[in-house]
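Visitor: Could you walk me through this structure, going topic by topic? I'll interrupt with questions as we go.

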Amino acid sequence: MGTWQLVLVGLVMLLGLLGVVTPGVPGPPIVWAGVLWWSMADRTALAWAVLAGATGVLLLERAVGWLLPPRRLRGAGISRRAFLVAGVSGIAGFFVIPVLGAVPGFVAGLYGMERRRLGGHGAAWASTRNVMRALGTSVLVELFACLLVVGVWIGAVTVG
């Protein structure tokens with residue numbers, strides 16, 4: 001697989017990661033499609049193993065997602081922009097502190113936007129907790145699963 005094709009696969013996966021935090025955009029299927037594209041072009045045992053693992057992780061995420069409350073952006077009292085900043089912070093945190101940084105990054109981005117909007121620490125922290133209760137858990141599970149798939153793909157491309 002050529003460099004440009006790898007870059008395009010990476011951009012598709014980035015679009016999927018942003019789709020997780022954008023309501024109405026199916027993030028996990030887009031990430032999975034990127035892994036499928038890569039594995040169909042690469043056709044190595046490692047590529048097929050990554051595809052099988054990605055399929056398993058994303059199916060498990062879907063099953064766990066049905067057990068969590070549905071996400072409702074309007075009822076949580078948060079703007080789309082704040083939610084998008086929180087998601088991007090979670091993605092950045094995943095790479096700054098490998099794997100474990102996604103959760104603190106998401107919460108920090110959300111808290112930062114709420115502090116900017118509300119002005120004080122107490123009100124911003126209370127709002128962050130309310131948002132995390134309302135929709136953060138389901139988004140974090142979905143984001144973590146997609147980040148895990150992308151991280152494994154990056155590792156496989158680096159090794160292979």
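Guide: Leu-68 sits in the loop between helix 3 and helix 4, where helices are DSSP runs of H or I with at least four residues and strands are runs of E with at least two, numbered from the N terminus. This is a predicted model, in which local features need pLDDT of at least 70 and side-chain atom pairs count only at pLDDT 80 or more, while totals for chains, interfaces and linings use all residues. Residues are numbered from 1 along each chain as its sequence is written, and side-chain values use heavy atoms, with hydrogens and water left out.

Visitor: Is Leu-68 buried or exposed, or partly exposed?

Guide: Leu-68 counts as partly exposed, because its relative accessibility is 22%, and the scheme calls a residue buried under 20% relative accessible area, exposed over 50% and partly exposed in between, with a 1.4 Å probe and protein chains only.

Visitor: And how many Å apart in space are Leu-68 and Gly-119?

Guide: From C-alpha to C-alpha, Leu-68 and Gly-119 are 31 Å apart in space, with their positions 51 residues apart in sequence.

Visitor: Switching to confidence, what is the mean pLDDT of the protein chain?

Guide: The mean is 87, and 93% of the residues reach 70 or more; pLDDT is the predictor's confidence in each residue, on a scale from 0 to 100.

Visitor: Which elements have the lowest and the highest mean pLDDT?

Guide: Among the elements of the protein chain, helix 4 (residues 73–76) has the lowest mean pLDDT, at 58, whereas helix 2 (residues 27–42) has the highest, at 95.

Visitor: Now the charges: how many salt bridges does the count come to?

Guide: The count comes to three salt bridges, a salt bridge being a side-chain nitrogen of Lys or Arg within 4 Å of a carboxyl oxygen of Asp or Glu. In one of them, Glu-114 and Arg-117 have their closest N and O atoms 2.6 Å apart. Because these two are three residues apart in helix 6, about one helical turn separates Glu-114 from Arg-117. Glu-114 is buried, with a relative accessible area of 1%.

Visitor: Which residues are joined into one network by salt bridges that share partners?

Guide: Glu-61, Arg-62 and Glu-142 are joined into one network in that way. The side chains of Glu-61 and Arg-62 meet at 3.5 Å, N to O, and Arg-62 also forms a salt bridge with Glu-142, where the closest N and O atoms are 4.0 Å apart. That second pair links distant parts of the chain, since Arg-62 is in helix 3 (residues 45–67) and Glu-142 is in helix 7, 80 residues apart.

Visitor: Which of those residues are buried, and which is partly exposed?

Guide: Glu-61 is buried at 4% relative accessibility, and Glu-142 is buried at 9%, whereas Arg-62 is partly exposed at 35%.

Visitor: What about aromatics, how many pairs are there?

Guide: There are four aromatic pairs, counted when rings of Phe, Tyr and Trp (its six-membered ring) have centres within 6.5 Å, with planes under 30 degrees apart called stacked, over 60 edge-to-face and the rest tilted. One of them is the edge-to-face pair of Phe-94 and Phe-95, at 5.1 Å centre to centre and 90° between the planes. Phe-94 is buried at 4% relative accessibility, while Phe-95 is partly exposed at 44%.

Visitor: And how are the planes of Tyr-111 and Trp-125 arranged?

Guide: Tyr-111 and Trp-125 are also an edge-to-face pair, with 6.0 Å centre to centre and 65° between the planes. This pair links distant parts of the chain, with Tyr-111 in helix 6 (residues 102–118) and Trp-125 in helix 7 (residues 121–159), 14 residues apart. Tyr-111 is buried at 18% relative accessibility, and Trp-125 is partly exposed at 36%.

Visitor: Staying with helix 7, what does the side chain of Thr-128 reach?

Guide: The side chain of Thr-128 reaches the backbone oxygen of Ala-124 at 2.8 Å. Thr-128 lies in helix 7 and is buried, with a relative accessible area of 2%.

Terms used
A polar contact is a pair of N or O atoms within 3.5 Å; within protein, one must be able to donate a hydrogen and the other to accept it, and residues adjacent in sequence count only if both atoms are side-chain atoms.
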